[in-house]
Protein chains: 2
Amino acid sequence: MTTAAKTDKPAREQILDAATRLMHVSGYRGTSLDDVLKESGVGKGNFYYYFKSKEELGYAILDRIVQGFLERTLAPSFADPSHAPLEKIQRFFDSILESQRQRNCVGGCFMGNLASELSDVHEGFRRRLTDVFTRWREKFTEALTHAQADGTLTAACDPARLAHFLVASLEGAILMTKVTKEIQVMETCVGELKAHLALYATGAQS
Amino acid sequence: MTTAAKTDKPAREQILDAATRLMHVSGYRGTSLDDVLKESGVGKGNFYYYFKSKEELGYAILDRIVQGFLERTLAPSFADPSHAPLEKIQRFFDSILESQRQRNCVGGCFMGNLASELSDVHEGFRRRLTDVFTRWREKFTEALTHAQADGTLTAACDPARLAHFLVASLEGAILMTKVTKEIQVMETCVGELKAHLALYATGAQS
DNA sequence: GATTATGTACCGACCGGTTGGTACAGAGCT
DNA sequence: AGCTCTGTACCAACCGGTCGGTACATAATC
């Protein structure tokens, strides 16, 4: 029973967890090292043993978020081979809607927030963020191309362009939900996005 | 020829101009009072003569931005009675695209940036921002309702929902353009948005 | 009309607190 | 002993904000 009932995770993880939590709602600049230290219960010397700067901590967090997003959010929606590609995209929409509901419209999209905060003032973050959004978009493009191949999506549409639009619209929807604090905004946008997809879809579905 | 070739604007305007410029690219937290003071050439004592806090400066800037947006960006696109309502919306899309091009994809949307940065940590800003986005949306809703009335928009669509989606998508498009620094992203999204509108449009258009 | 007050506009020094970051001594394990 | 960790004291720079004071135009007083 030393001091507190702390989780026995290694300090590095503890820092990462705390910082992720804080930066998700307060942003990069809005979260101080001291905040992170207090939240994680880790000393300053220890922090600088694992990270050589706040910037590097930011990179580490972003990398982890990105990995989690790609592997635990994006991939699962597209993994199941028993669904049509367009349905996979719709399923992904729903998973994002659900995550916003669970978070009570707080925090928004970590990557989107960082993009808004740092794109114009920090090239390193900007490049990393561009990479994620590109990979995300590519996943969409891929699915849309498949849909074209199996005839559920009209050949008239450009998968790459449509993918760009879908990602952007989702980010915008998350942002507007974060401001208004009304989950219906997200629901509406997801619904409209599905309609947009249906615009290009042939009647071949279900 | 005293000291420098200064503009003769009142100090308050000078502060507002400088702060707006700085905060548009660096955000609210990323812009310090000293930065604003140096940029505007105004002394600190004078600053606190006009504004009682940095927060109040932020409010003043946002208010001015909002007013400018409503009067000089939104209203003009919808003023001309010689166009159909759907064309007015499309014209507004184009004006946003153009402004992003002029800014070289830097800065993004001032209101969107502030929304992302402060919505979860500052209720005052959140409320003001919700108000602007609502007014923006209402302008869209209004036009869409008119379009329904004159038969260019199908009765099947819900103007309020569609308006929500259009605003959100535009914000997302601006954000993605800011990250990627590629104006084509904005062009693509605007194009897709027009297609989305066309989805609900009857063939009555020109 | 000279003098005394008053209000506005302005400045830069300074304040306490916080920032990101460092130095370093020690603890615990192998 | 020698390595990996960890806590603490400390730093300069910077943060938003306060302070005392100045310059000057106008108004009130005699």
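**Two chains and two DNA strands**

Biologist: Which elements each supply at least two residues of the surface near DNA strand D?

Modeller: H3 of chain A does, together with helix H2 (33-40) and H3 of chain B. Helices are DSSP runs of H or I with at least four residues, numbered from the N terminus, and a residue is near a strand if one of its heavy atoms lies within 4 Å of it. H3(A) gives the most, with 5 residues. This is a predicted model, in which local features need pLDDT of at least 70, side-chain atom pairs count only at pLDDT 80 or more, and totals for chains, interfaces and linings use all residues. Residues are numbered from 1 along each chain as its sequence is written, chains are lettered from A and ligands numbered from 1 in the order in which they are written, and side-chain values use heavy atoms, without hydrogens and water.

Biologist: What makes the pair of Gly45(A) and DNA strand D a polar contact?

Modeller: A polar contact is a pair of N or O atoms within 3.5 Å; within protein, one must be able to donate a hydrogen and the other to accept it, and residues adjacent in sequence count only if both atoms are side-chain atoms. A polar backbone atom of Gly45(A) is 2.9 Å from a base oxygen of DNA strand D, so the pair meets the 3.5 Å limit. Phosphate oxygens of DNA strand D are also reached, at 3.1 Å from an N or O atom in the side chain of Tyr50(A) and at 2.8 Å from a backbone N or O atom of Leu33(B).

Biologist: What is found around DNA strand C?

Modeller: There are 18 residues around DNA strand C, and Leu33(A), Lys44(A), Lys54(A), Tyr49(B) and Tyr50(B) come nearest. Of the atoms of DNA strand C that come within 4 Å of the protein, 60% belong to sugar and phosphate. A polar backbone atom of Leu33(A) lies 2.7 Å from a phosphate oxygen of DNA strand C, and H3(B) gives the most to the surface near this strand, with 5 residues.

Biologist: Why is the pair of Lys181(B) and Asp120(A) called a salt bridge?

Modeller: The term requires a side-chain nitrogen of Lys or Arg within 4 Å of a carboxyl oxygen of Asp or Glu. The side chains of Lys181(B) and Asp120(A) meet at 2.6 Å, N to O, so they satisfy that rule. The rule finds 4 salt bridges across the interface of chain A and chain B.

Biologist: How much area is buried between chain A and chain B?

Modeller: About 3,800 Å² is buried, 64% of it from carbon and sulfur atoms. In chain A, Asp120(A), Val179(A) and Glu192(A) lose the most area to chain B, together 17% of what that side buries. Buried area is the accessible area (1.4 Å probe) that two parts lose on being put together, summed over both.

Biologist: How do you know that the copies meet through the same surface?

Modeller: Contact means heavy atoms within 4.5 Å, and it takes 45 residues from chain A and 45 residues from chain B. Because 100% of the interface residues of chain A are also interface residues in chain B, the surface is the same.

Biologist: What makes the relation of chain A to chain B a two-fold axis?

Modeller: A turn of 180° and a shift of 0.0 Å along the axis lay chain A on chain B with an RMSD of 0.1 Å. That is the relation of a two-fold axis. The superposition is by least squares on the C-alpha atoms of residues with pLDDT of at least 70 in both copies. Of the residues of chain A, Gly172(A) comes closest to the rotation axis, at 1.8 Å (C-alpha).
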